[in-house]
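Hi,

Here is the structure I said I'd pass on. Have a look at it first, then read my notes underneath.

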Amino acid sequence: MTKQVSMVDKAIIMDSQAIKRALTRVAHEIVERNKGVSDVILVGIRTRGVPLAQRVAEEIKRIEGVELPVGILDITLYRDDLSTLAYQPIVHETLIPFSINDKKVVLIDDVLFTGRTVRAALDAIMDIGRPSAIQLAVLIDRGHRELPIRADYVGKNVPTSSKEIVSVQLTLTDETEQVVIKEFMEE
């Protein structure tokens, strides 16, 4: 007899208000750490890093009155597990229509887990140009790093087991706004 495995919601760890507060705090920390936002650009890692980067940019505009450039980075071809993803992986557009040379690039993603996505993003950014610095902002840091990568800005640290999945759901991509821990359950 074959066991069925399903994924069930275990806990909602952030609602829409908590996400908003975390992104507001991250925006303030970016401004503070960089002593303003001159030469700062934001780059969202597809998929959910993009709307997060746009929200951080909106918050920085509210705080500083400055509109930061926001780029979109697709890391598909830079992944170290590309051969296991699909025979013909779907590649989306990277859209960074401004120079990143000598700029402070803040990479933004939803969840930091093993560090492999960030490593791929670093490779992709370095192929585009030579920034003066690269910083990392994530909504959730769940631990379990396989590479020596650390976020500069974290919305929430969430210790998890390796059997759990952290699902960031945003209105733009998922029609709901929350962060949920999911777990595989055998039936």
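Below is what turned up, starting with a helix and moving on to some single residues.

A word on ground rules: this is a predicted model, so local features need pLDDT of at least 70, side-chain atom pairs count only at pLDDT 80 or more, and totals for chains, interfaces and linings use all residues. Residues are numbered from 1 along each chain as its sequence is written, and side-chain values use heavy atoms, with hydrogens and water left out.

**Helix α2**

Helices (H or I, at least four residues) and strands (E, at least two) are DSSP runs, numbered from the N terminus. Helix α2 covers residues 49-64, which is 16 residues. How far apart are its end C-alpha atoms? They are 22 Å apart, and that agrees with the expected span of 22 Å at 1.5 Å a residue (the expected span is 1.5 Å times one less than the number of residues).

Buried means under 20% relative accessible area, exposed over 50%, and partly exposed in between (1.4 Å probe, protein chains only). In α2, the buried residues are G49, V50, P51, L52, A53, V56, A57, E59 and I60. Their cover includes helices α1 (16-33) and α5 (171-174), along with strands β2 (40-45), β3 (70-73), β4 (104-112) and β5 (133-141). Just after α2 comes G65, with a positive phi of about 75°.

**Two loop residues**

T76 sits in the loop between β3 and α3. Is T76 buried or exposed? It is buried, because its relative accessible area is 11%. The side chains of T76 and D74 share a polar contact of 3.0 Å (a pair of N or O atoms within 3.5 Å; within protein, one must be able to donate a hydrogen and the other to accept it, and residues adjacent in sequence count only if both atoms are side-chain atoms).

D74 comes up again with H92, found in the loop between α3 (82-85) and β4. Leaving out neighbours within four places in sequence, H92 is in contact (heavy atoms within 4.5 Å) with R46 and D74. H92 counts as partly exposed because its relative accessibility is 43%.

**A strand residue**

S167 belongs to strand β7 (residues 164-169) and is buried, at 17% relative accessibility. Its side chain makes a polar contact of 3.3 Å with the side chain of Q169. Not counting residues up to four places away in sequence, S167 touches Q178, V179, V180 and K182.

**A charge over a ring**

Finally, find R142: its charged end sits over the ring of F113, 3.9 Å from the centre (the rule asks for NZ of Lys or CZ of Arg within 6 Å of the ring centre and within 35 degrees of the ring normal).

Cheers
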